[in-house]
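Colleague: Hey, got a minute? I'm new to this one and would like a quick tour.
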Amino acid sequence: RAWGGSWAGVSMLLMSRLGMVGERVWAFATTLNAVIAGMVAVCGAVDQYTPLMALTTGAGGCVVFLVVRHLVMKFQVDDPLDAVAVHFGGGFFGVIAGPLFTPSGLIHGVTDHSIRQLRDNVLGGAAIVTWSVLCSILLFGSLRLLGLLRVSEEQEIQGLDVSKHKEPAYPVKGWVIDFPVQVQQNNGLRKNGSYTLNRSEDGEFIMIGPQVTKLSADGGPV
């Protein structure tokens, strides 16, 4: 699992830094989820992989994680933790990767055993997906009919950590975000500085605006 998770993380860092999956940044949170997806993928045949095949499976799990993550966002599924991409994407890839990359897998030779193993794993994965989808429809559909599926918009904005559990999940300082503002002059006012989005101890978001200076008729500060 360590081989798969570590290489999935390295793959994610490189792709994010090279701009292959968006802006050229060191994507910390996405990398953490990619590491988990890589470990999930390797679990499908963790007792049979060589280190090289574990690395390959982990990297593949990272790629599948990104594809599923993109699809989830495209269809506007409410999944802020990337749980679907991590566990479904990494897990289903792991089910298929076992018959491909293990010593008896297809990559080492096409045999009746390797073909049957791949077929059985695909059918097993499809059965798991079908069962999960049906149970999810039954559970979440019932909650929706009863009006219990969603919390209020106010609670969503405040965060369930505060509104439901009465404690912030992250330090308050971690919610300080600065939005730089260029010097603007409009209607006799000059704005210079940045907007700061802060989160107080009780979970409320506070927007602190830039410095505003009143201007005289000649454009200078009053």
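Colleague: How much of the protein chain is buried?
Modeller: Buried residues account for 28% of its 222 residues. Keep in mind that this is a predicted model.

Colleague: And what surface does the chain expose?
Modeller: About 14,800 Å², with carbon and sulfur atoms supplying 64% of it.

Colleague: OK, how many helices and strands are there?
Modeller: The protein chain has seven helices and four strands. Along the sequence the pattern reads α-α-α-α-α-α-α-β-β-β-β.

Colleague: Let's pick a residue. Is V42 buried or exposed?
Modeller: V42 is buried, because its relative accessibility is 1%, and the cut-off for buried is under 20%. V42 lies in helix α2, which covers residues 28-42.

Colleague: Which residues is V42 in contact with?
Modeller: Setting aside neighbours within four places in sequence, V42 is in contact with R1, G4, Y49, A54, T57 and G58. Take G4: 38 residues separate it from V42 along the chain, yet their C-alpha atoms are 6.0 Å apart.

Colleague: Switching topic, how many aromatic pairs does a search of the whole structure find?
Modeller: One. F88 and F92 form it, and the pair is tilted, at 6.0 Å centre to centre with 40 degrees between the planes.

Colleague: Where do F88 and F92 lie?
Modeller: Both lie in helix α4 (residues 83-101), four residues apart, so about one turn of the helix.

Colleague: Why does F88 count as partly exposed?
Modeller: Because its relative accessibility is 38%, and partly exposed runs between the 20% and 50% cut-offs. F92 also counts as partly exposed, at 24%.

How values were computed: Residues are numbered from 1 along each chain as its sequence is written. This is a predicted model: local features need pLDDT of at least 70, side-chain atom pairs count only at pLDDT 80 or more; totals for chains, interfaces and linings use all residues. Side-chain values use heavy atoms; hydrogens and water are left out. Helices (H or I, at least four residues) and strands (E, at least two) are DSSP runs, numbered from the N terminus. Buried means under 20% relative accessible area, exposed over 50%, partly exposed in between (1.4 Å probe, protein chains only). Contact means heavy atoms within 4.5 Å. Accessible areas come from the Shrake-Rupley method with a 1.4 Å probe; for residues, only the protein chains shown count as cover. Rings of Phe, Tyr and Trp (its six-membered ring) pair if their centres lie within 6.5 Å; planes under 30 degrees apart count as stacked, over 60 as edge-to-face and the rest as tilted.
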